[in-house]
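Open the model in your viewer and keep the sequence panel beside it. This tour goes from one residue outwards, one selection at a time.

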Amino acid sequence: MPIYATTDAATFEPLDLPQPYLLFLGDVTHPAYAKTALGLRDWAPERCVGEHRLDDAGVSVGLPAMTPSQARAAGARALVIGVANVGGVIPDHWMPALLDALANGLDLISGMHMRLADIAALREQARHHGRRLIDVREPPSSLPAASGRKRSGKRVLTVGTDCALGKKYTALSLARALRELGVDADFRASGQTGILIAGRGLPMDAVVSDFAAGAAEWLSPDADPAHWDVIEGQGSLSHPAYAGVSLALLHGSQPDAIVVCHEPGRRDMLGYPGYRLPSIEETIELNLLLGRRTNPAIRCAGISLNTSQLSPNEAQALIASESARLGLPVADPIRGGAALHALARACLDTAS
């Protein structure tokens, strides 16, 4: 049974997703392209029973290796495609594994651009075994064009110097840190991985471009004046391919604050050698310039660094030196601690 799992346009109710999951890694060879599996492992571990890889895969998320049959016996109810590759395609050589999952009692969940429901072999296998095909990268059908109307409530948007360097993790961590400070705050997912983690959201990169800024308005509606929506950013305004979704989020979110996400040491855009990353300062300047179009009061609250490739001491030293150099709070959302709470408080200060 094919299902387009969309968050209801009127109520923003959670999705109905069968859990727990077996995470499928296909033949991915770079961790950045396994971000859906990594995100679920890190933010929803109670919903992940194992991983399933093809023989030539070069990435593991560290979960027990299982076949679909073993995962079903361990309680899994669905196989989630944990890959986010360029173009969001489901290659033919994945098909035996996906068909085997259906035959062994697992539903399929995908956030790829290529829909499960559009693949005849999967439709027939799902029908034969009474299983569901669930595509979460499906926006509501009745999204409006943006109005530009200023909405009540407060908003922070994570932006970046590139793709796949921590905008989702930063938004999730900031939402949690704000709640720890006693602030009423929600994480607003704008991509397939965030939607699977939060159970609701809107896949911004699947929205027709005329309605993209309107979709961002819909994602963070009017709220109590003291409420904060922490909105997951996408792409980068400087990216040669994905700047469009970044600008739509910036205009539609009307953020009071932005947090710039960056991975130290990354020189070129991921998957686009020769396209140099902009500096943090250039990214701040560009986002504030374009963001003022819908919120003249927009400010940069601080910087989120992905220091996963550094030792704890190296990371701490870099966070301190970058904070001193830029005159802004700097934190790593995974390492957390006092620096993350300082960044969360800086978001609140932008609205005072």
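**Stop 1: Leu250**

Select Leu250: its relative accessibility is 0%, so it counts as buried, the cut-off being under 20%. Bear in mind that this is a predicted model. Leu250 sits in helix H8, residues 243-253.

Which residues does Leu250 touch, not counting residues up to four places away in sequence? Show Leu157, Leu237, Pro255, Ile258, Asn287, Leu290, Gly291, Thr294 and Ile298 as sticks. Those are its contacts.

Now draw a distance from Leu250 to Arg72. Their C-alpha atoms are separated by 42 Å. Along the chain, the two residues are 178 residues apart.

**Stop 2: helix H7**

Select residues 212-219. This is helix H7, and eight of its eight residues are buried, so the helix is largely enclosed by the rest of the structure. The buried residues include Glu217 and Trp218. Also on that list are Ala212, Ala213, Gly214, Ala215, Ala216 and Leu219.

What do the buried residues of H7 pack against? Colour E8, E9 and H8: these are the packing partners. You have already met H8, as the helix that holds Leu250.

**Stop 3: the six-stranded sheet**

Stay with E8 and E9 and bring up the rest of their sheet. It is an open sheet of six strands with parallel pairing. Read the order across as E8-E9-E7-E10-E13-E14. Strand E8 (185-188) and strand E14 (330-331) are at the edges, each with a single partner strand, so one side of each has no neighbour in the sheet.

Move inwards to strand E7, residues 154-160. Four bridges join E7 to strand E9, residues 228-231, and the two run parallel. Select Lys154 to see one such link: its bridge partner in E9 is Trp228.

**Stop 4: strands E2 and E3**

Select residues 48-53. This is strand E3, where five of the six residues are buried, so the strand is largely enclosed by the rest of the structure. Add strand E2, residues 21-26. E2 and E3 pair in the parallel sense over five bridges. Find Gly26: it stands opposite Arg53 in E3.

**Stop 5: a hairpin**

Is strand E12 covered or hardly covered? Select residues 272-276 and turn on the surface. E12 is hardly covered: of its five residues, the count of buried ones is zero.

Add strand E11, residues 268-269. E11 and E12 pair in the antiparallel sense over two bridges. Asp268 has Arg276 of E12 as its bridge partner. The two strands form a hairpin with two residues between them. In the turn, click Gly271, which has a positive phi of about 80°.

**Last stop: the whole chain**

Clear the selection and zoom out. The protein chain has eleven helices and 14 strands. Its radius of gyration is 20 Å, close to the 20 Å from the globule rule for 352 residues, so the chain is as compact as a globular protein of that length. Along the principal axes, the C-alpha atoms fill a box of roughly 60 × 45 × 40 Å.

Of the 352 residues, 55% count as buried. Among contacts between residues at least 6 apart in sequence, 76% join residues at least 24 apart. The accessible surface comes to about 14400 Å², and 52% of that belongs to carbon and sulfur atoms. Finish by colouring by charge. There are 32 positive and 37 negative side chains, and the centres of the two sets lie 3 Å apart.

Terms used:
Residues numbered from 1 in each chain as written. Predicted model: local features only at pLDDT ≥ 70, side-chain atom pairs only at ≥ 80, totals over all residues. Heavy atoms only, no water. Buried < 20%, exposed > 50% of the residue type's maximum accessible area, 1.4 Å probe, protein only. Pairing = 2+ DSSP bridges. Rg over C-alpha atoms; globule rule 2.2 N^0.38 Å. Contact = heavy atoms within 4.5 Å. Areas by Shrake-Rupley, 256 points an atom, 1.4 Å probe, with all protein chains shown as cover. Lys, Arg positive; Asp, Glu negative; His and termini not counted. Charge placed at Lys NZ, Arg CZ, Asp CG, Glu CD.
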